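Got the viewer open? Here is a short tour, stop by stop, with something to select each time.

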Amino acid sequence: MLYNAFMASDKKNTNRLYSFLYLLLFYLGIDLLPIEKWIPEASLASFVRLLVLFCLLLLVIKEAYQNRREEQETIRRKRDYFALLPFVFGFASNLFYALFFHQERKDAISSTIVISVFMVLMMASIEEILFRYLLLSYFENLFSKKKQKELLSVLCSSLCFSLMHVINFYGNAYGAVFAQLGYTLLLGIILGFLAVLFETPLLPLLGHFLYNFFNMTLYSGLYSTTFSVSYVIYSAAIGIVLTAYSFLLFVLFTRSKKTPIEEQ
């Protein structure tokens, strides 16, 4: 009976990996679709891409529900949500950089900003369910007999999250893509620790959305982006500091006293 239970658990974990892989391929395929060439009108092309992403999100949610995590048994960590405040600065660090270094403002904001908000939300939701839910839980089960299974799971899923962006070598400057691989690795580690520590996909999803919206969509919509040496140093410093801070939280929280769920 025990052997059959282990076999069923392994099969469920394998199915979780298969779901992640085929959904990721769909997601990357959608990203490569030349919708803008098929539909010359920019706003309409963005709306069509948004609609396609929404359909994929529904499929991702369905697969995540079918491959949901096992329920926690008896214990839950104490948490301090005030520990999340430093991340707010990091998720909007580009806007602070623009203020501190007096970057040039654009004359007008793009009219597609509303569609961009929903686009960022769809992409963040899909990526978080894929990497910080399906893949992270797959590694947690894979490393279940390891002492540092949570740390290993975060590192492996973050590396996969970073490598996903290799697809951007197609049609983009190599230097910019290498930089993206670096900061997405750090972002993946931070979001992975949040997912593990707070045992919910909502916090990393919110953080991912805020990062992409403030540091990319809104920043590029308001300011003329220039990648100077000061910007690279500033961004690298914030990424390293927040990664170290999230690791410190992970160490402190995992060593803290655990309490029964019934007492929460």
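What should the 25 residues of helix α3 (residues 42–66) span at 1.5 Å a residue, and how far apart are its end C-alpha atoms? Select that helix and check: the expected span is 36 Å and the end C-alpha atoms are 36 Å apart, which agrees. The expected figure is 1.5 Å times one less than the number of residues.

Before moving on, some housekeeping. This is a predicted model, where local features need pLDDT of at least 70 and side-chain atom pairs count only at pLDDT 80 or more, while totals for chains, interfaces and linings use all residues. Residues are numbered from 1 along each chain as its sequence is written, and side-chain values use heavy atoms, with hydrogens and water left out.

**Zoom out.** Colour the protein chain by secondary structure and you get 10 helices and two strands. Helices (H or I, at least four residues) and strands (E, at least two) are DSSP runs, numbered from the N terminus. In order from the N terminus, the elements read α-α-α-β-α-α-α-α-α-α-α-β. Of the 264 residues, 41% count as buried; buried means under 20% relative accessible area, exposed over 50%, and partly exposed in between (1.4 Å probe, protein chains only).

**Back to α3.** Now show the buried residues of this helix, among them R49, L53, L57 and E63. Two of the names in that buried list, R49 and E63, also take part in salt bridges. A salt bridge here is a side-chain nitrogen of Lys or Arg within 4 Å of a carboxyl oxygen of Asp or Glu, and the structure holds three.

- Select E36 and R49: their closest N and O atoms are 3.0 Å apart. E36 sits in helix α2 (residues 35–38) and R49 in helix α3, so the pair ties together parts that are 13 residues apart in sequence. E36 is partly exposed at 43% relative accessibility, whereas R49 is buried at 12%.
- Select K62 and E63, which meet at 3.8 Å, N to O. K62 is partly exposed at 42%, and E63 is buried at 9%.
- Select R132 and E128, at 2.7 Å, N to O. They are four residues apart in helix α6, about one helical turn. R132 is buried, with a relative accessible area of 1%, and E128 is buried at 1% as well.

**Into the core.** Which residues touch the most other members of the largest nonpolar core? Select F87 and Y219, out of 35 residues in that core. Such a core is a set of buried Ala, Val, Leu, Ile, Met, Phe, Trp, Tyr and Cys residues joined through side-chain atoms within 4.5 Å. Helix α8 (174–198) is one of the elements that supply at least two residues each, and α8 gives the most, with 10. A second, separate core has 26 residues, including F20, I30, M119 and I129.

Stay on Y219 and list its contacts (heavy atoms within 4.5 Å). Leaving aside neighbours within four places in sequence, they include N94, Y97, F213 and Y231.

**One more in α9.** T217 lies in helix α9 and counts as buried, at 17% relative accessibility. With the same neighbours left out, T217 is in contact with I113, S116, V120 and N212.
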